[in-house]
Structure formats: C-alpha cells, structure tokens
Amino acid sequence: MPDQTNPKVALVTGASRGIGAAIATRLAKDGFTVIVNYAGNSAEAEKLAASIEDAGGRALTAQADVADPAAVARMWDAAEAAFGGVDVLVNNAGIMKLATIAEGDDALFDSQIAINLKGPRNTMKLAATRLREGGRIVNLSSSVVGLYQPTYGVYAATKAGVEAMTHVLAKELRGRNITVNAIAPGPTATALFLDGKPQSVVDNLMKLAPLERLGQPEDIANAVAFLAGPDGAWINGQVIRANGGII
Ligand SMILES: NC(=O)c1ccc[n+]([C@@H]2O[C@H](COP(=O)([O-])OP(=O)(O)OC[C@H]3O[C@@H](n4cnc5c(N)ncnc54)[C@H](OP(=O)(O)O)[C@@H]3O)[C@@H](O)[C@H]2O)c1
C-alpha cells in the first residue's frame with residue numbers, strides 16, 4: 001500500500017499528453033504525488049492535473065523545456081520546495097521527426113538531439129545528486145533501437161544514446177539505492193506516432209507485432225509503474241521493450 005501520509009514524488013517530463021499523461025495518471029493512482037511537466041500545452045497539463053486531483057490524487061504542473069538546463073533546474077527547485085524532494089524521474093518528453101539521413105536537415109537533427117538526448121541528460125544530471133535515496137529513474141527509449149527502419153536514423157540515434165546513458169548511470173549510482181532503467185515502446189497510439197501517417201501505413205505497422213494492435217499509452221504506463229513501484233526494485237540498468245513482440 002502506498003504511504004499516503006508521506007507520498008513519494010514523481011516528476012514525469014512531457015506529461016501533458018500521450019504516454020506521459022498515462023504515466024502521470026497511473027503513478028498518481030499508485031499513490032505518488034506527480035509533477036506534470038510540459039513544454040507549451042498548459043491547457044492540457046492543467047486539465048490532467050485537475051483530473052488527477054478529482055480522482056483523489058495530488059498533482060502539480062511545471063512548464064519547462066527539458067532541452068534547457070536552467071529551466072530544468074528551476075523545475076527541480078520548485079518540486080523540492082513544494083514537496084521536499086523527488087523520488088522518481090520519468091524521462092518521457094520527446095519528439096520524432098522522420099527523414100532519410102540524406103534528406104534530413106540540421107534543424108531536424110538539432111531539435112531531436114536537444115529534446116530527446118540533452119533533455120534526459122539535463123534531468124539525470126540533477127537526479128544523480130538530488131534524487132532521494134531509494135529513487136527510480138525510468139527513461140523512454142523506443143523499439144526503433146533494434147528495428148532501425150529507414151527515416152528513423154536521427155530519432156533512433158537519440159534513443160540509442162538514452163539507452164547508453166541508462167546503462168552508465170545505473171553503474172554510476174552504485175551505493176545510492178537508485179535504479180535506472182529504460183522502457184522502449186513500439187508503435188503506440190499517440191500524436192507522435194499517428195500524426196502525418198496515412199491509415200494504410202498505420203495499419204501495416206500495427207500488424208507487425210504478433211499481438212496485431214498498436215500499443216496504448218496505458219500499456220506503456222503499466223511497464224513504467226512496475227519499474228517505479230516496489231515490484232521493480234531488483235531491475236536495474238535494463239532496457240525493457242514494451243511492444244507486443246514487434247522485435
Ligand atoms: N508513440 C510512440 O509510438 C512511441 C514509441 C516509442 C517511444 N516513444 C517515446 O515515448 C515518449 C512519449 O511519446 P508520445 O508518443 O506520448 O508523444 P506525444 O504524444 O507527442 O507527447 C509528447 C509530450 O512531450 C512534451 N514535450 C515535447 N517537447 C518537450 C520539451 N522540449 N520539453 C518538455 N516537454 C516536451 C509534450 O508537451 P506539450 O504538450 O507541451 O507539447 C507532450 O507532453 C517520447 O519520448 C517518445 O519518443 C513513443
């Protein structure tokens with residue numbers, strides 16, 4: 001049972017929509033006080049925080065561009081001021097821009113590196129010294145690391161980098177009783193995956209997994225909740241693919 005008198009605090013980046021919103025909702029249900037980070041979509045973030053509070057949970061919204069170390073530091077300071085500390089960091093914020101390596105421009109490269117790779121680095125740099133004893137870090141990778149389809153080159157490179165930092169930080173935190181793991185979803189029904197794809201492409205990708213459906217944000221939130229909760233205590237330095245068996 002979660003300790004309701006002294007709830008643990010979870011900071012979920014990119015929690016206004018999609019997978020992050022499902023993770024925030026699930027962790028709140030599991031008894032965590034949740035910090036709902038977002039980049040620009042304050043209306044969605046506030047709506048989510050209100051729905052968590054309506055369901056009896058506790059949530060605070062926090063605008064911060066994860067690519068900006070100063071903004072991330074301000075968010076962490078605010079979380080500590082409000083709740084005394086952070087126990088769980090979920091690095092979920094991300095963007096996906098697809099192009100072949102020949103055709104992708106510098107803006108496509110730089111934006112994905114900034115948000116998908118530097119973002120988790122910015123938060124993990126703080127978490128490494130400030131996450132409370134017994135804490136958990138869960139990073140969002142992707143099953144494109146392994147599938148390596150055309151046009152996913154830069155996106156996959158950022159996620160491969162996230163997986164590398166996951167393995168290294170797990171070792172660097174020896175002695176702190178903090179686990180660092182990654183969840184690597186396959187195609188999941190959110191704006192990031194669906195936007196701009198013709199239905200025929202979505203249908204083909206859906207059938208690639210032997211379970212023959214898209215992942216739902218809640219499928220991914222279930223896996224994150226496992227790593228963030230008591231049952232995940234012995235899992236450390238691992239990448240878990242949550243993808244219906246696509247790879
Ligand atoms: N969907 C998939 O098929 C899939 C598969 C594998 C991995 N993933 C990974 O899962 C994670 C979540 O993806 P999703 O599908 O839920 O995406 P999504 O629906 O597009 O939502 C993205 C979230 O990230 C936030 N965000 C974007 N840039 C940000 C920044 N610079 N700073 C802070 N927050 C930022 C957005 O905030 P605003 O609302 O304020 O813009 C939003 O809350 C990503 O890391 C993605 O790479 C997704």
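**Exercise 1. Decide whether Val66 is buried or exposed, and place this residue in its surroundings.**

*Solution.* In this predicted model, Val66 has 25 C-beta neighbours inside 10 Å and therefore counts as buried, since the cut-off for a buried residue is 20 or more other C-beta atoms within that distance. The next step is to locate the residue along the chain: Val66 belongs to the loop that runs between strand S3 (58–63) and helix H3 (69–83). Once neighbours within four places in sequence are set aside, the contacts of Val66 are with Thr13, Val72, Ala93, Ile115, Gly119, Asn122 and Thr123. As a last step, take a residue elsewhere in the chain: Glu133 is 67 residues from Val66 in sequence, and the two C-alpha atoms are 23 Å apart in space.

**Exercise 2. Work out in which order the 7 strands form the open sheet, and which of them are the edge strands.**

*Solution.* Begin with the general principle that strands of a sheet pair through backbone hydrogen bonds, either in parallel or in antiparallel fashion. Here the order across the open sheet is S3-S2-S1-S4-S5-S6-S7, and the pairing is parallel. The edge strands are S3 and strand S7 (239–242), each of which pairs on one side only. From one strand to the next, the twist averages 20°.

Then examine one pair in detail: strand S1 (residues 9–12) and S2 are joined in the parallel sense over 4 bridges. Val12 has Val36 of S2 as its bridge partner, while Ala10 stands opposite Val34 in S2.

**Exercise 3. Determine how many residues of S2 are buried, and how they are divided between its two faces.**

*Solution.* Counting first, 6 of the 6 residues of S2 are buried, so that the strand is mostly covered by the cut-off of 20 or more other C-beta atoms within 10 Å. Dividing the strand by face, Thr33, Ile35 and Asn37 lie on one side and Val34, Val36 and Tyr38 on the other, with both faces covered. S2 (33–38) is also one of the elements that give two or more residues to the shell around the ligand, a point taken up in the next exercise.

**Exercise 4. Describe the shell around the ligand by its closest residues and its division into nonpolar, polar and charged residues.**

*Solution.* The ligand is surrounded by 32 residues, of which the closest are Gly14, Gly18, Asn41, Gly94 and Leu192. Two or more residues each come from helix H1 (18–29), strand S2 (33–38) and helix H7 (191–194). By residue type, the shell divides into 16 nonpolar, 13 polar and 3 charged residues.

**Exercise 5. Find where Tyr148 and Glu212 lie, and establish what is notable about the phi of each.**

*Solution.* The background is that most residues other than glycine have a negative phi. Tyr148, in the loop between helix H5 (144–147) and helix H6 (153–172), has a positive phi near 50°. Glu212, in the loop between helix H8 (199–208) and helix H9 (217–228), likewise has a positive phi near 50°. Tyr148 is exposed because 11 other C-beta atoms lie within 10 Å, and Glu212 is exposed because 10 do, the cut-off being 12 or fewer.

**Exercise 6. Assess how the radius of gyration of the protein chain agrees with that of a compact globule.**

*Solution.* For 247 residues, a compact globule would have a radius of gyration near 18 Å, and the protein chain agrees with this at 17 Å. Along the principal axes, the C-alpha trace spans about 50 × 35 × 35 Å. Buried residues make up 44% of the chain.

Methods. Residues are numbered from 1 along each chain as its sequence is written. This is a predicted model: local features need pLDDT of at least 70, side-chain atom pairs count only at pLDDT 80 or more; totals for chains, interfaces and linings use all residues. A residue is near a molecule or strand if its C-beta atom, placed from the backbone, lies within 6 Å of it. Ala, Val, Leu, Ile, Met, Phe, Trp, Tyr, Cys and Pro count as nonpolar, Asp, Glu, Lys and Arg as charged, and the others, Gly among them, as polar. Two residues are in contact if their C-beta atoms, placed from the backbone, lie within 7 Å. The radius of gyration is taken over C-alpha atoms; the globule rule is 2.2 Å times the number of residues to the power 0.38. Two strands pair if DSSP finds at least two bridges between them. Axes are lines fitted to C-alpha atoms, for helices over the stretch in contact, and angles run from 0 to 180 degrees between N-to-C directions.
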